[in-house]
Amino acid sequence: MLNTISSQRIFSGIQPSGKLTIANYLGALKPFVELQQSGAECIYCIVDLHAITVWQDPTELKHSTRLAAACFIASGIDVNKSILFNQSQVSAHAELAWIFNCVSRLGWLGRMTQFKEKAGSNRENSSVGLFVYPALMAADILAYHATHVPVGEDQKQHLELTRDIAIKFNNDFGVDFFPVIEPIIEGVATRIMSLRDGTKKMSKSDPSDLSRINLTDDKDTIVKKIRRAKTDSYPIPSHEAEISNRPEAKNLINLYAALSDTTRDSVMQQFGGKGFSEFKDQLAELAIECVSPVTHEVNRLMDDNTELDRILATGADKAAIIARPIVKKTYEIVGLLSQ
Ligand code: AQP
């Protein structure tokens, strides 16, 4: 798919809700770079307004936003080819989100599994922002009339909602204004799981640092985390049929396949029947090979906050030029008087 969409407009984002992980790299940043290389017009956003749907320490949030920007650039996003900015600097996102809050139905939002997972048993005490998160995500994408959105598997339901919102808006107002977007969810890295629990996705906000590999982890930390990754007491599976009830084994095999650009089958052919110890050492080596150059560059970029802030502000100016007329036209369609 990647090579057939060079004439399209790509939008995607990452929350600065912690340190970016190897799952964010494999599931998002790496495909973002491939899309940039395909020649498509790419708009990448650090979605800080999404991050504050759960509590963020203000000083930490600023740091995490710059860190995320550094991770994008260190992973290969070229700010002269792609637009990179943080969401709160472009008011179109919040403005369009309000319109979409009025288009979305309570029932649609109530069915979102991410809300149910994040709100957990404390639903009554979760923020309204967390509930309407998917309407803001629809605004992020549709403010640019983006056509394609690369994401990991966890965002699939939100993208279906973006399609529903675009269709309902167009029907309600009798227009053909918002595009019905196509998700791009490809490869073995679309759902990397926690190193401590193969049934939970790897998340930058997981309370356990051992559950994930951060893009800022040093070599020793990566080795330690992979050695301590949960496995079972059986040998490595040799066939697809043997992994269905072994989430931790499946996850490490997936991670190996993603890092070595190969398939799960070929990893199982190489290691099937062996113990996890040698496999984990080789997996740690691959993870270090992937993460170390990024970490090195991130550290260099984080030495100059002024330059990172300048890059984000320049990106925001470019993004606003695209989004402003789309919001203006939306207001006109809805019947809001504006200059
Ligand atoms: N485990 C994952 N495997 C593959 N892709 C993943 N992504 C996230 N986790 C995985 C992809 O990374 C992009 C950015 O995600 P996000 O920051 O917007 O929010 P998220 O999906 O909720 O990611 P996290 O790391 O789990 O953040 P927190 O802990 O704050 O909720 C998306 O494309 C996502 O699919």
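Helices (H or I, at least four residues) and strands (E, at least two) are DSSP runs, numbered from the N terminus. The structure described here is a predicted model, in which local features need pLDDT of at least 70 and side-chain atom pairs count only at pLDDT 80 or more, while totals for chains, interfaces and linings use all residues. Residues are numbered from 1 along each chain as its sequence is written, and side-chain values use heavy atoms, with hydrogens and water left out.

Two loop residues make a good starting point. His 145 sits in the loop between helix 8 (133-142) and strand 4 (148-150), and its phi is near 50 degrees, a positive value in a residue other than glycine. His 145 counts as partly exposed because its relative accessibility is 22%; the class runs between buried (under 20% relative accessible area) and exposed (over 50%), with a 1.4 Å probe and protein chains only. Asp 261 lies in the loop between helix 11 (247-259) and helix 12 (264-271). Its phi, near 55 degrees, is likewise positive in a residue other than glycine, and Asp 261 counts as exposed because its relative accessibility is 63%.

We turn next to the ligand. Its surroundings comprise 22 residues, a residue being near if one of its heavy atoms lies within 4 Å. Ser 17, Lys 118, Asp 154, Lys 204 and Ser 205 come nearest. Helix 1 (22-37) makes the largest contribution to this shell, 4 residues, and strand 1 (9-14) also supplies at least two. By class, the shell has 7 nonpolar, 10 polar and 5 charged residues; here Ala, Val, Leu, Ile, Met, Phe, Trp, Tyr, Cys and Pro count as nonpolar, Asp, Glu, Lys and Arg as charged, and the others, Gly among them, as polar.

Oxygen atoms of the ligand pair with both backbone and side-chain atoms of the protein. A ligand oxygen lies 2.6 Å from an N or O atom in the side chain of Ser 203, and one is 2.7 Å from such an atom in the side chain of Lys 201. At Gly 152, a backbone N or O atom is 2.8 Å from an oxygen atom of the ligand. On its own the ligand has 630 Å² of accessible area, of which the protein covers 98% (Shrake-Rupley method, 1.4 Å probe).

Empty space in the protein was examined on a 1 Å grid over the protein atoms alone: a cavity is a set of points where a 1.4 Å probe fits but cannot get out, a pocket is an open set with protein on both sides within 12 Å along at least five of seven lines, and lining residues have an atom within 4 Å of a point. The second largest pocket holds about 350 Å³, the volume being the space filled by probe spheres set on the points. Its lining has 19 residues, with Leu 26, Glu 34, Glu 186, Gly 187 and Val 188 nearest the centre. Helix 1 gives the most, 5 residues, and helix 11 supplies at least two. The lining divides into 11 nonpolar, 4 polar and 4 charged residues.

The whole structure contains 1 cavity of 30 Å³ or more, and the largest cavity has a volume of about 40 Å³. Among the residues that line it are Met 112, Phe 115, Lys 118 and His 158. Helix 6 (113-119) and helix 8 each supply at least two lining residues, with the largest share, 3 residues, from helix 6. This lining has 5 nonpolar, 2 polar and 1 charged residues.

Key:
Polar contact = N/O pair within 3.5 Å; in protein donor to acceptor, adjacent residues only side chain to side chain.
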